[in-house]
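Here is a quick walk through one model, meant to be read with the structure open beside it. We start with a covered helix and work outwards from there.

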Amino acid sequence: MRKPPDTELLEPDAEKPSAEPSSPHESSSLFGRFSRRSFLTQLGAASLAATTAPLAHAAAMTPAPAADIDGKVIPGAVPVALKINGQVHRVMLEPRVTLLDALRENLQLPGTKKGCDHGQCGACTVHVNGRRVNSCLSFAVMHQNDEITTIEGLAQDGELHPVQAAFIEHDGFQCGYCTPGQIMSASALLKEPIGKEDADVREAMAGNICRCGAYTNIVAAVQQARHSA
Amino acid sequence: MQAFQYSQVKSIDVAVGANGKFIAGGTTLVDLMKLNVEKPAALVDINGLPLDRIESTPDGGLRIGALVRNSDLAWNADVKQRYVVLSEALLSGASPQLRNMATTGGNLLQRTRCYYFRDTNYKCNKREPGSGCDAIDGFNRIHAILGASEHCVATHPSDMAVAMMALEATVHTRGPKGERSIALNDFYLVPGTTPDKENVLEPGELITYVTLPPLPQGTRSHYLKLRDRASYEFALASAAVVVQLSGNRIQHARIAMGGVGTKPWRSKEAEQALQGKEANEHTFRAAAEAALKPAKPLRDNAFKVELARRAIVRALQVTTQTA
């Protein structure tokens, strides 16, 4: 008995620019007009255009009308309202869509990363009601009354969160893939009753794996953020 | 992952009558659903039930709601002060993110980390009764040395439950037939010929609370966990010890082990070896020997026998040295 692929919901147009108002932070001057994601998306579309029919190009470049996200009924999908970074998003989701996949594939908030998808690496860490959790191990439909914060919503009023600033100052990354999860984890840690030592930070950050091994700089960044908080 | 029907419940009565598998934190269940190890046709979300409080009981004990998150329980002032072993066990388990999600009831019911159980390409009597066990002759370094059968050698992965075993916790449930209270010691089943049946819960029965009895005045406790990494790893062997001394004589002792048994493993043999004895290394070693006497190691896990003994000795030393 073959399971339906997890990506059944995620048709190619899920990666298209959304007609939903995007997060204010995504297009803020903080990160410039073009995000890495939008650049890559357009690059992908451009290379597609070079090799396939013009029609495919047009389809890939046209923003999906709101109905495509808000109105499309997928068998088994249910209406879900999620409050993310202060903004309510209404989408149709199958109950088996995780919060992580909903953020990345349905809500165009790809800052939250998918690593192991089994709660072992911490790349998908977000805040739910101010507490850090693994968004890969939770179904989106279970979070309708929650306040969710992702890496896109951490900076406030154009100011980096102290943890973000500290990661930059201490070079707390190499490839950067684990970094959103590290930063979400560290920013939640500031409110947790943990000890003062570097060893306490290491233990409290144990749920976030960095395969580049930037741990020394990550600990330094977290400690600086704790001292300045 | 297979599709499922999803519903939310706001009352315990409705939850007990609902048709489907309960989901709370989801940290075990969602993981296993992604692996197609768990394939529920329906999920009943119980996060809306009023079971998220920690309260003192009239007898001086503690009543913990089934939905209390592991991090809240670990940091609760009463738990940190009076039930140190429980706080330490919780904080040694999983990661901060997972502890913010995982619940008290769910932790008791978490499934084994046996590789063969988690991979549907292999035979597993726990996952698919009657299919066989690929762990017994496979890579079984992490597997059980206590309580195993020829049908299953998988360990129970919980740290919290090991501490609760040493604290003589009681599990309270509500099911289609009403309420009942089950001593945690009687809650888990060894695999025998039915490894798929891990506890005495009946279909539709919901864990509502766990209660801890008050401890004798001056009782000390400690959880020591030994594992391949310093953090964020399951136990190869762990020891939960609860000890009350009178002078240097042991008045009361409770010993439980994790990482070595097919269920959180309480050792009454070790407790008897400690009862009334002088608290010294000789006594502790005798208790550790008694605890591991029934051990039956597999090809790759003989080291666990001595590791578990040393865990008990060390935990007892730490617990009694400043008393």
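## A helix under cover

The buried residues of H6(A) are covered by, among others, S3, S4, H5 and H8 of chain A, along with H6 of chain B. Keep in mind that this is a predicted model. H6(A) itself spans residues 179-189, and 10 of its 11 residues are buried, so the helix is mostly covered. Going along it, the buried ones are A:Thr179, A:Pro180, A:Gly181, A:Gln182, A:Ile183, A:Met184, A:Ser185, A:Ala186, A:Ser187 and A:Ala188.

For background, chain A has 8 helices and 5 strands. Reading from the N terminus, their order is α-α-α-β-β-α-β-β-β-α-α-α-α. Of the 229 residues in chain A, 38% are buried. Among its contacts with a separation of 6 or more, 60% link residues 24 or more positions apart.

## Two of the covering helices

H5(A) and H8(A), both named above as cover for H6(A), also pack on one another. H5(A) runs over residues 162-169 and H8(A) over residues 215-228; the angle between them is about 140 degrees and their axes are 8 Å apart. That angle makes H5(A) oblique to H8(A). The crossing of H5(A) past H8(A) is right-handed.

Who does the touching? On the H5(A) side, A:Pro162, A:Val163, A:Ala166, A:Phe167 and A:Glu169 take part, and H8(A) answers with A:Ala221, A:Gln224, A:Ala225 and A:Ser228. By class, the residues of this contact come to 6 nonpolar, 2 polar and 1 charged.

## Where the domains and chains meet

Chain A is split into domain 1 (9-153) and domain 2 (162-228). Where they meet, 13 residues of domain 1 are in contact with 11 residues of domain 2. On the domain 1 side, strands S3 (125-128) and S4 (131-134) of chain A each supply at least two residues. S3(A) has the largest share of that side, with 3 residues. S3(A) and S4(A) are also part of what covers the buried residues of H6(A).

The other meeting place is between the chains: 22 residues of chain B and 27 residues of chain A make up the contact. On the chain B side, the elements giving two or more residues are helix H2 (29-34) and helix H6 (96-101). H6(B) gives the most there, with 5 residues. H6(B) also turned up earlier, as part of the cover over the buried residues of H6(A).

Here is how three of these contact surfaces divide by residue class:

| Contact surface | Nonpolar | Polar | Charged |
|---|---|---|---|
| H5(A) with H8(A) | 6 residues | 2 residues | 1 residue |
| Side of domain 1 of chain A that touches domain 2 of chain A | 5 residues | 5 residues | 3 residues |
| Side of chain B that touches chain A | 10 residues | 9 residues | 3 residues |

## A stop in chain B

Finally, have a look at B:Ile54, which lies in strand S4 (residues 54-56) of chain B. Is B:Ile54 buried, exposed or partly exposed? With 17 other C-beta atoms within 10 Å, B:Ile54 is partly exposed, because a buried residue needs 20 or more and an exposed one has 12 or fewer.

Leaving aside residues up to four places away in sequence, B:Ile54 touches B:Leu62, B:Ile64, B:Gly65, B:Val68, B:Leu73 and B:Asn76. Take B:Val68 from that list: B:Val68 sits 14 residues from B:Ile54 along the chain, with 7.3 Å between their C-alpha atoms.

Terms used. Residues are numbered from 1 along each chain as its sequence is written. Chains are lettered from A and ligands numbered from 1 in the order in which they are written. This is a predicted model: local features need pLDDT of at least 70, side-chain atom pairs count only at pLDDT 80 or more; totals for chains, interfaces and linings use all residues. Two residues are in contact if their C-beta atoms, placed from the backbone, lie within 7 Å. Helices (H or I, at least four residues) and strands (E, at least two) are DSSP runs, numbered from the N terminus. Ala, Val, Leu, Ile, Met, Phe, Trp, Tyr, Cys and Pro count as nonpolar, Asp, Glu, Lys and Arg as charged, and the others, Gly among them, as polar. Axes are lines fitted to C-alpha atoms, for helices over the stretch in contact, and angles run from 0 to 180 degrees between N-to-C directions. Angles under 35 degrees count as roughly parallel, over 145 as roughly antiparallel, 65 to 115 as roughly perpendicular and the rest as oblique. A crossing is left-handed if the near helix is turned anticlockwise from the far one by less than a right angle, and right-handed if clockwise. Domain bounds come from an automatic or database domain assignment.
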